[in-house]
Amino acid sequence: MNKIKLAAVIFGLFSYSVSMQAQLLKGTVKADSISDMMITYYPDGNILEAVSTDIERDAKGNFIYDGPIPSKEQDITIQADNDIFGVHLEKGKTAQITIFRNKEGKLEAKISGDNADLSRFYNTYTQGYDMMKYWSPDPEDAKPNAEYRKILEEENAHVMKELQKLKGKPYFNYYKRLSEGMYTWSKIRLIMDLSYDEKKHTIDYPEYINAVKDIDPNDSINLATNLSSAWLDYQWNLLYKETNDSTKSYLANIQNIEGKITNPKVKKFLVNMFMYGYSMAPAGDIKTIWKVYENLAKDYPEMIAKYKPMIQTALKSFDGKPLPYDPTIETPDGKTCKLSFLYGKLTYIDMWATWCGPCCKEIPHLEKVVEKYKGNDKIQFISISIDANKQAWLNKLKKDNPAWPQYIMPQADADKLMKQMGINGIPRFLMLDGNGNVIFPDAKRPSDPELIEDLNNHIK
C-alpha cells in the first residue's frame, strides 16, 4: 500500500538525545523486516491535514519522538509497514511503546509509561477500526462483505469491553463517543463497498440511511471519525436523487455547507473535502460550480490556490488532441520507451496502482474485455502502473499473470502527465485513436457494460 507522507519536516525525531523536558514518546522495535515506519496525527481531527514523519531508529531499534503536538494532549498513530498502533501523548509526560512479533509472526505492541491506560485503549481502538482489516487492495484476497461485517461486530465488542476499563476517568465519555462514531463510519464504508460490488447506490440501502440521517455535521468529534465527510456525501446523494442534475446538486451542496455549518473547524474541513472530491471527477457546469465555490472558500485562499489549477485543467478539451505529455514507460523486464512508441491502433489505457482497491477490482473485468477482443489487430489494451514500489507491482503481475501488456511509469512522469491531464485519482482509463489523439480522456471502466459499445464505435 502506498503511504502518502505529508509535512514530513513539521517535527523531528531524534535517537535518545538528552532533553531538559520529558520526552513525549520512547519506542523500541524488536522485530526485523520492517522497512517503513512513521508517526501521524490529525490536528483538530481533520483527515485532510494529516501531519506525518518517518521514524528513524538507531542500531538497537530505539527511537524517540519529542516534536510539537498541537494541543496539551494528542492521540497519534504509529505505522509499521501495514500495521498500525495508537498512543496517547501528553506534554510533560512520556509514553513508551515496544513493537515486537508474536509467536505467529504478527506485530504487537507493549505499552507502558505515563497514561498507559489511555494509550492501551487508543491502541485497541486504532487496531479495531483500522480499515485495512475490512478491505484488501487485491480482490483475490478480499473476504465477503458479510464476513467483514462479522469481524467489525467482533472488533467493536472488544473495543467497548476495553473502554470499560476507563469508566469513571476523565477521557471515558470522549473515547466512548469516538468509538461509537468510528463504528458507524466503518459500517458506512462497508455499505459503500457493498454498493460498488452490487452496482447499486448507497442511498438504496436502508441501513445506510439509518447510519447517516442523524449525523450532526457541526459536532467536532465527527471530524475524527469521518462522519463529517459521510454527512456531506449523504447530502449530495439526496440532492442528486431529487434533481437528477449534477450542477444543481453540487450547487445545492455548496449552499448546504454555507447555510448549515456553524462550526468553523468543520466548515474548513468540508470546504476542503467538497472540492477534493469534486476535482477528482468534475461534472456539470464546471465554470459555474467553481465560481460559487470560490465565494464559499473566500476565507481559505490556500484552498482556492490548490484547486484552481485542477479546475482550469478540467476545463481544457483534450478531445481529438494528443496527450499533453508523452511519458516514459517501463516493461517488467526493465526496457523503456515513450508511450507514443505504442501508438498505431485504438488504444485503451488503464492507469492503476497495486495499493488502489478500486483499480484492482477492475482487473478481472478488464481481463474479460481483453479476451473479447483477442486476435483483433485494430485494438490494444495497456495497463500502466503509477506504483512507487516497483517490487509490489512485479509481485502483483507474477500473481495475476495478465495476458495484456503491462508497464510502470516513473513517478516524475506520472506526476507530470496526471497534472497536465487533470487526473486527481485512479483508476483512470484513457482511449486514444491510432495517431495517439484523445478520444475519451475519462473513458468508461471495464466494469461498465457501455464500454464495449464505445470500443466498437471507434474500431476502424
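Arg 428 is a good place to start: with a relative accessible area of 10%, this residue is buried. In this predicted model, Arg 428 forms a salt bridge with Asp 442, and the closest N and O atoms of the two are 3.4 Å apart. The pair links distant parts of the chain, 14 residues apart: Arg 428 is in strand E15 (residues 428-432), while Asp 442 is in the loop between strand E16 (438-440) and helix H14 (451-458). Unlike its buried partner, Asp 442 is partly exposed, at a relative accessible area of 47%.

That contact belongs to a wider set, for the structure holds 22 salt bridges. Let's walk to another one, between Glu 330 and Lys 390, where the closest N and O atoms are 2.4 Å apart. Here, too, distant parts of the chain are linked, with Glu 330 in strand E10 (residues 328-330) and Lys 390 in helix H12, 60 residues apart. Glu 330 has a relative accessible area of 17%; residues under 20% count as buried, so this one does. Lys 390, at 32% relative accessibility, counts as partly exposed.

Stay with helix H12 (residues 390-400), because Lys 399 lies there as well. Lys 399 forms a salt bridge with Asp 141, and their closest N and O atoms are 3.1 Å apart. Asp 141 lies in the loop between helix H1 (116-128) and helix H2 (145-163), so this pair ties together parts that are 258 residues apart in sequence. Both ends are partly exposed: the relative accessible area is 45% for Asp 141 and 40% for Lys 399.

Salt bridges can also join up into a network, as they do for Lys 72, Glu 90 and Lys 93.

Now for the cysteines. A disulfide is a covalent bond between the sulfur atoms of two cysteines. If you search the whole structure, you will find one disulfide. Its partners are Cys 356 and Cys 359, with an S to S distance of 2.3 Å. The torsion about their S-S bond is about 80°, which makes the disulfide right-handed. Both Cys 356 and Cys 359 are buried.

What about Cys 360, and why does its sulfur not bond to the one in Cys 359? The closest cysteine sulfur to that of Cys 360 is indeed the one in Cys 359, but at 6.4 Å it is too far for a bond; a disulfide needs the two sulfur atoms within 2.5 Å. Cys 360 is also buried, with a relative accessibility of 2%.

How values were computed
Residues are numbered from 1 along each chain as its sequence is written. This is a predicted model: local features need pLDDT of at least 70, side-chain atom pairs count only at pLDDT 80 or more; totals for chains, interfaces and linings use all residues. Side-chain values use heavy atoms; hydrogens and water are left out. Buried means under 20% relative accessible area, exposed over 50%, partly exposed in between (1.4 Å probe, protein chains only). A salt bridge is a side-chain nitrogen of Lys or Arg within 4 Å of a carboxyl oxygen of Asp or Glu. Helices (H or I, at least four residues) and strands (E, at least two) are DSSP runs, numbered from the N terminus.
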